[in-house]
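Me: I have a structure to go through with you. I want the reasoning behind each label.

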Amino acid sequence: MARIALRGVALTYLGLLIALPVAMVFYRAFEKGLGAAWASLTSPEALHAFWLTCVMVAVAVPLNTLFGVLCALVLVRQRFRGRAILNAAVDLPFAVSPVVIGLALILVYGRGGWVGDWLADNGVQVIFSPVGMVLATIFVSLPFVVREVAPVLREIGTEQEQAAATLGASPLQTFIRVTLPAIRWGVAYGVVLTTARALGEFGALSVVSGKLSGRTETLTLRVEERFQAFDLTGAYAAAVVLALMALGTLLAMNLLRPREGVS
Amino acid sequence: MSISVEGVAKRFGEYTALEDVSLKVPSGSLTALLGPSGGGKSTLLRVIAGLEQPDAGRVVIAGEDATPKPARTRGVGFVFQHYAAFKHMTVRDNVAFGLTIRKRPKQEIVAKVDELLALVHLEGFAKRYPAQLSGGQRQRMALARALAVEPRVLLLDEPFGALDATVRKELRAWLRRLHDEVHVTTVFVTHDQEEAMEVAEQIVVLNEGRIEQVGAPRDLYERPANEFVMSFVGPVSRLGGEWVRPHDMEIQLDPVDRGIEGMIDRIIHLGFEVRVELTLHDGRPLWVQTTREQADELELGEGQIVWVRPGRTTSFDQRHEPRAAAP
């Protein structure tokens, strides 16, 4: 009885807070028929927003994966002064509100910020352009790969790597043939979380982008913009696309993942 | 290939792991580094392998200074206590690793791996993953992997330490036979004196970062250089100012010349061996190892007063002062 009750609580909780709202988004998007939703999604602004969202993911995910693995290696395998500071800094994007991150980027890269003025003199506009948006996306999605990979690295230890060295492998060969395969599920999970975060970022982007429809508008920003313009079909349709992209990411993860219990 | 360690020192922060250690390992020999944990034996092995850099001194392998070389170019095979198996690779890929790195032709690799799997009795296991092997099988796989690159020296760090007693005994005997077949210069680390005695031709006793004695198993047992070696390579009792092995004493029911009086506290039957625990007349405890026949013949009983006469005793000129730990 207790087990069934427990299950009931878990399912009701998930149902009310996640499944029902998501289902409602799908329902409302197609309420006025597929045609209306399709027309809204294929407008040039919507297509641009979709493309820009893909750009955010395509830049932020590989960069943060590369940096994340390197950073995890440094944090786990090396002892140096300032390691605790680096460790804490990695978690900063978790702790700080995205809106604050957006404002901080404006302070540094916007007009009047010393890096921003120098860049502007050299013809690079960061704030209110996709460049700044990519920076913001990288910032908010930075910790995931590090935090997924670091515990795996700690767990596998260094003996396998030492064994590879005594067998004649160079550090690079050891990394590719021994370390990387050992941490691959940590990396994969980190990539999925990073992707999900990059897809869904709103707060920091809404500050740095200027929200120019058709120029600096991602799907999340478009959902809000359509909603404010009382175009509910457009808002829900864009939300559906975002939800499907996120679902696709999770599905890819589950397909890639080995069956549990087999290592 | 011979190994020569010359004046090697290694510190980890405040802790001195090795202090001016010099050692010669003859080509083709089977040598044990024996000592208590923290004695420096694993560090010495890792310095030979190039997995640790010494603070001072050199390591010469086959007449060539190996000190500046990284582990991967030293031509050593290394076997870890916890196997260090590549978990994501099959047994075949594990054993083939060193050859794959060296980009040997595929057919040569297959043939060599098959030969090695036969040598370590893992013929039927090529397609398994390490997780599907027992501890003993994993360690044999690790050995085959180390041997695949035809190392100049084979180094084993407590190779049987993580295995249960039965498997450990089996693998010891098997390592001994394997060495007779392969003849590669082998150094292994152990804290188990019985293991060292059984397997090695030469034993190096290490304690607190220094070599206490080097010798054949029998030399160490019969002619220990100091109290530490004497007490480490076998059981020992103290009788007056002298050291004596528990089996080198005789129990008499009547007072005898050189006999020391004591009362039996406990008699422990361990199959063939009988262990008699006594309190000597001066209040000090002593234990004597005797046989079942002798114990029966003398009709020993607890609470009985007997006289203990030592056979061979050993005394050391300078007392073995326990060395002060590094400040």
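Reply: Start with a rule: two strands pair if DSSP finds at least two bridges between them. Keep in mind that this is a predicted model.

Me: How do you know that strand S1 (residues 3–12) of chain B and strand S4 (residues 56–61) of chain B pair?

Reply: Pairing needs at least two bridges. S1(B) and S4(B) have 5 bridges, in the antiparallel sense. So they count as paired. One bridge joins B:Ala9 to B:Ala56 in S4(B).

Me: What makes S1(B) and strand S2 (residues 15–25) of chain B a pair?

Reply: The test is again at least two bridges. S1(B) and S2(B) are antiparallel over 7 bridges, therefore they pass. B:Val8 faces B:Val21 in S2(B). The hairpin of these strands has 2 residues between them, and B:Gly13 takes a positive phi near 60°.

Me: Why are strand S13 (249–252) and strand S16 (285–291) of chain B called edge strands?

Reply: The open sheet runs S13-S17-S14-S15-S16 in chain B, with antiparallel pairing. S13(B) and S16(B) each pair on one side only. From one strand to the next, the twist averages 45°. S16(B) pairs with strand S15 (residues 273–280) of chain B over 7 bridges. Within that pairing, B:Glu273 has B:Thr291 of S16(B) as its bridge partner.

Me: How do you know that the span of helix H5 (residues 165–182) of chain B is close to the expected one?

Reply: The expected span is 1.5 Å times one less than the number of residues. For the 18 residues of H5(B) that gives 26 Å, and the helix reaches 25 Å from first C-alpha to last. B:His183 follows H5(B), with a positive phi near 60°.

Me: What puts the buried residues on the same side of H5(B)?

Reply: Buried requires 20 or more other C-beta atoms within 10 Å. B:Leu171, B:Arg172, B:Leu175, B:Leu178 and B:His179 are buried. They cover an arc of only 135° around the axis, so they share one side of H5(B). The face turned away carries the exposed B:Thr166, B:Ala173, B:Arg177, B:Asp180 and B:Glu181. Cover for the buried residues includes strand S3 (30–34) and helix H4 (135–148) of chain B.

Me: Which residues touch the most other members of the largest nonpolar core?

Reply: B:Ile48, B:Ala144 and B:Leu155 do, in a core of 90 residues. H4(B) gives the most to this core, with 7 residues. Beyond its neighbours within four places in sequence, B:Leu155 has contacts including B:Leu45, B:Ile48 and B:Val187.

Note on methods: Residues numbered from 1 in each chain as written. Chains lettered and ligands numbered in written order. Predicted model: local features only at pLDDT ≥ 70, side-chain atom pairs only at ≥ 80, totals over all residues. Helix = DSSP H or I, 4+ residues; strand = E, 2+ residues; numbered from the N terminus. Buried ≥ 20, exposed ≤ 12 C-beta atoms within 10 Å, placed from the backbone. Arc of directions from axis to C-beta. Contact = placed C-beta atoms within 7 Å. Axes fitted to C-alpha atoms, helices over the stretch in contact; angles between N-to-C directions. Core = buried A, V, L, I, M, F, W, Y, C linked by C-beta atoms within 7 Å.
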